[in-house]
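Hello,

I am passing a structure on to you, with some notes on what I found in it. I hope they help you find your way around.

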Amino acid sequence: MNEEQSRLLESLREQSHQLGDKWVNYWQTYSYIDTWQFWLNLVFLVLPLIILYFKLDKSRALQLGFFGFSGHVLSTYVDSYSTRFGHWEYPYQVIPVLPLSIGLDTSLIPVAYMLVYQWTIHHKKNYYIATTILAAFFAFIFKPILSALHLFQLSEGNNYFHVFLWYFLGGILSKWVTNIFLRFEREASRN
């Protein structure tokens with residue numbers, strides 16, 4: 001590493017540390033445990049996991065869990081990118097060092113997609129239609145409600161159709177990734 005690169009890396013590290021401190025200060029001031037927003041975000045994190053515990057088809061737990069984990073990862077990546085580059089933001093968080101919505105990305109959204117995926121398997125329904133409906137619900141109903149409650153803000157130049165595309169693509173990619181691994185499993189069991 002040359003000297004210029006080293007100086008730039010050190011500067012970025014220092015700015016990142018300062019930004020982290022500012023996020024913690026912001027959280028303590030506006031999003032601490034004495035706010036209703038904190039508790040609603042905590043509900044978004046905990047309640048879907050409780051529902052999943054009771055509703056999950058445990059005979060397919062690994063398949064559904066893998067699907068949900070894929071959705072969780074994709075949702076977190078999209079939200080991390082979108083908040084970092086200012087496409088949208090969450091003014092209130094459960095955890096101060098992450099500017100994304102942990103409750104939505106790690107629980108509510110993946111669990112909703114898992115339950116829809118499970119429902120389409122059990123009832124032999126078209127997953128692509130179901131995920132389109134779920135993506136539309138999240139993008140055109142749920143996120144505007146969050147916006148009205150000031151829990152989600154779109155930045156200039158972005159709209160709910162962009163949000164819909166992310167939800168739709170995330171649902172599709174989660175299924176495709178899961179299908180690839182299910183195929184690997186089937187092929188291995190044949191041999």
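**Two helices that cross**

In this predicted model, helix α5 (residues 127-148) and helix α6 (residues 160-190) have axes that come within 8 Å and cross at roughly 145 degrees. Axes here are lines fitted to C-alpha atoms, for helices over the stretch in contact, with angles from 0 to 180 degrees between N-to-C directions. The crossing of α5 and α6 is right-handed (the near helix is turned clockwise from the far one by less than a right angle).

Which residues of α5 meet α6? Among them are Tyr 127, Thr 131, Phe 138 and Lys 143, while the α6 side includes Tyr 160, Phe 164, Gly 171 and Trp 176; contact means heavy atoms within 4.5 Å. By class, this contact has 16 nonpolar, four polar and two charged residues (Ala, Val, Leu, Ile, Met, Phe, Trp, Tyr, Cys and Pro count as nonpolar, Asp, Glu, Lys and Arg as charged, the others, Gly among them, as polar).

**The chain as a whole**

The chain has six helices and two strands, in the order α-α-α-β-α-α-β-α from the N terminus; these are DSSP runs, helices (H or I) of at least four residues and strands (E) of at least two. Of its 191 residues, 38% are buried, meaning under 20% relative accessible area with a 1.4 Å probe, protein chains only.

Residues are numbered from 1 along each chain as its sequence is written. Local features need pLDDT of at least 70, side-chain atom pairs count only at pLDDT 80 or more, totals for chains, interfaces and linings use all residues, and side-chain values use heavy atoms, leaving out hydrogens and water.

Best wishes

Note on methods. Buried < 20%, exposed > 50% of the residue type's maximum accessible area, 1.4 Å probe, protein only.
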